[in-house]
Every structure is written in C-alpha cells, then in structure tokens.
Amino acid sequence: MGPDMGRSEGVVPMSSEVGSHWFEPMADHMGSAYLRYSFTKGTVQEVDHIISMLDLKPGMRVLDVGCGPGRHAYEFARRGISVHGIDISQTFVDLASDAAPKGATFERMDARALTFDAEFDAAVCLCQGAFGLMTANGQDVDVLKGIRRALKDGGGLALSAFNAYFVVKYFEQATFDAGSGVNHEVTEIRNQAGESQTVDLWTGCYTPRELRLMLSACDFEPHSISSVDPGGYVEGPATTESSEFLVVAFATPVRRMGTR
Ligand SMILES: C[S@@+](CC[C@H](N)C(=O)[O-])C[C@H]1O[C@@H](n2cnc3c(N)ncnc32)[C@H](O)[C@@H]1O
C-alpha cells in the first residue's frame, strides 16, 4: 500500500490462518473509501503498462489476485480482456461485483489456497494484493505457487512488491523487522463518512534478489524487476528510490517427477 497510509511504530509478529485475514476488518471499515487513497489513482497507466509488458490481447483471460474493489479488473475488462478477481474481503468482492463491467467477475477466495488449474493467460497481483500482506512465514510462496498453477505455460505475471531498501531508507517512523523483512505500521484509515479507525498494518518487503529466487523456485522466469510508484509503472532498473518493485515474469513449464 502507498506511503500515504500513515505513521508507523512497533513490530508485532503475527500469523494468519488460511481462510481469514487481518486485512478483512480494514476493508470492512474503508469500503469504497479505499478508492480515495492517492495510490489508487494511477489505474489506467498501470493497466496500459501491464498490457504492453505481457502482450495481452482482447479475448485473453486474466486472474487478478487480491483484486480489492476491482479497479484493475474493470480497466482490463473495458479493453476486452476478461478478468476474474479474487479477494479475501467479502466487502471488496461485493463492491467489485456491484458495478462490474461485462467480462469482469469476482469471488471471495484466499490467495494462499487458489483453486485454479492452467486456466489463465496472465495474472496480476498489484499493490500488495495478497502478496506482501502476510508475515515472514512463507505464505507469499504459497500465493506464488497458486498463481503458477492457475496459469497456462508461458502465461505472464505482473506483481508489485514493497521495496525493502526504500522502507529502510525513508520510513523513519516505521518499525522494520530485518529478520523477517516485515514492516509494521500503526495507521489511521477512514470510511465513507470520514470516521477514522486506528489499525495495524504489516507489509512484507522484498529485495530484487529475493524476488528472483522466489520466482525461480515457483517455476517463473523473471523478465524484469523495475522500480515503480503507483501510477508510474515503467520498465527500468531496480533502485532504492521507489516504493515498489514491479515484477514481470512468465510461467515456465512445471518440472514434474520423472521428466527432464
Ligand atoms: C492494498 S489492497 C490492493 C487491492 C488491489 N489490488 C489494488 O491495487 O487496489 C490488498 C488486497 O489484498 C487482499 N488480500 C490480502 N490478503 C489476501 C489473501 N490471502 N487472499 C486474497 N486476498 C487478499 C485484501 O483484502 C485487499 O483487497
């Protein structure tokens, strides 16, 4: 999530069982007010860039993992690319479903237990959409493995991950746990009526090297890992100066026992 979410303090190690997630009450409180945050305002540019990087064409089918209220899914669908969005938050799934354009469908599902099998031409997982809203207990690997299973061989992946270097360098009030790579923030969120709530937010942060190792272990061929900010997706070098890395990767054939 964007740096405009608030101040930070304290590290609280946490776990979350598959099937429920600490983000759900936050989504319940924010509802459609989520879309007021500045980091949600660059959707069109982000989708333009992803379509170009993954060479997406009308008629293709994309999985949006941790889709939130569906802002990227709507934009893909408007361009003739059909999208299935999954999110753990029923509130966000309902919001996304309510005004969905033709070609965009949504369901509640835990990204750590995706049920799709070689069904999608591409997948997106953006703005810590499930990847990075975990702890250091390996659940992000479960998300990546599930995405790989959902993709056809050669299918593209665009995923954003929080930049660990940026957090350490610039989040002066944040509590970054170097052992786990998890950043803890205590922040204020607001609902549609402007009522604020204080919440804990844990974000898994990554270096490009970690991302490449994880991708390879999950049968993805990394294409690029670029420094980006919301609404400013580009292909370029990874630096310490951006809040996020945008990973573009392609699904390699899965290695199976008995094959070479
Ligand atoms: C910061 S929002 C990003 C939403 C959307 N991708 C966007 O760019 O606006 C993170 C989303 O990930 C969802 N999420 C977090 N953990 C999840 C999980 N394990 N399975 C499915 N969705 C999850 C949250 O409910 C939330 O909607």
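Which way do α2 and α3 cross, right-handed or left-handed? Their crossing is right-handed. Keep in mind that what you're looking at is a predicted model. The chain runs to 260 residues, and 47% of them count as buried. Its secondary structure comes to seven helices and ten strands.

**The overall fold**
- Take the contacts between residues at least 6 apart in sequence: 71% of these join residues at least 24 apart.

**Around the ligand**
- The ligand has 23 residues surrounding it.
- Gly 66, Gly 68, Ala 111, Cys 127 and Gly 129 are the closest of them.
- Two helices to look for here are α1 (23–30) and α3 (71–78), since each one supplies at least two residues of the shell.
- Sorted by character, the shell has eleven nonpolar residues, eight polar ones and four charged ones.

**How α2 meets α3**
- Two packed helices are described by the angle between their axes and the distance between the axes.
- For α2 (residues 43–54) and α3, the angle is about 60° and the axes are 10 Å apart.
- That angle makes α2 oblique to α3, because it falls outside the 65 to 115 degrees that count as roughly perpendicular.
- On the α2 side, the residues that meet α3 are Thr 43, Val 44, Glu 46 and Val 47.
- Facing them from α3 are Arg 71, His 72, Glu 75 and Phe 76.
- In this contact you'll find three nonpolar residues, two polar and three charged.

**Helix α4 and its cover**
- Helix α4 spans residues 90–98, and its buried residues are Thr 91, Phe 92, Val 93, Leu 95 and Ala 96.
- Among the elements covering those buried residues are the helices α1 and α3, along with the strands β2 (82–87) and β3 (104–108).

**Two residues with positive phi**
- Most residues other than glycine have a negative phi.
- Ala 118 has a positive phi, near 50°, and it isn't a glycine.
- You'll find Ala 118 in the loop between β3 and β4 (120–125).
- Ala 118 counts as partly exposed because it has 13 C-beta neighbours inside 10 Å.
- Cys 127 isn't a glycine either, yet its phi is positive, at about 60°.
- Look for Cys 127 in the loop between β4 and α5 (139–150).
- With 24 other C-beta atoms within 10 Å, Cys 127 is buried, and it is also one of the closest residues to the ligand.

Key:
Residues are numbered from 1 along each chain as its sequence is written. This is a predicted model: local features need pLDDT of at least 70, side-chain atom pairs count only at pLDDT 80 or more; totals for chains, interfaces and linings use all residues. A residue is near a molecule or strand if its C-beta atom, placed from the backbone, lies within 6 Å of it. Helices (H or I, at least four residues) and strands (E, at least two) are DSSP runs, numbered from the N terminus. Ala, Val, Leu, Ile, Met, Phe, Trp, Tyr, Cys and Pro count as nonpolar, Asp, Glu, Lys and Arg as charged, and the others, Gly among them, as polar. Axes are lines fitted to C-alpha atoms, for helices over the stretch in contact, and angles run from 0 to 180 degrees between N-to-C directions. Angles under 35 degrees count as roughly parallel, over 145 as roughly antiparallel, 65 to 115 as roughly perpendicular and the rest as oblique. A crossing is left-handed if the near helix is turned anticlockwise from the far one by less than a right angle, and right-handed if clockwise. Two residues are in contact if their C-beta atoms, placed from the backbone, lie within 7 Å. A residue is buried if 20 or more other C-beta atoms lie within 10 Å of its own, exposed if 12 or fewer, and partly exposed in between; C-beta atoms are placed from the backbone.
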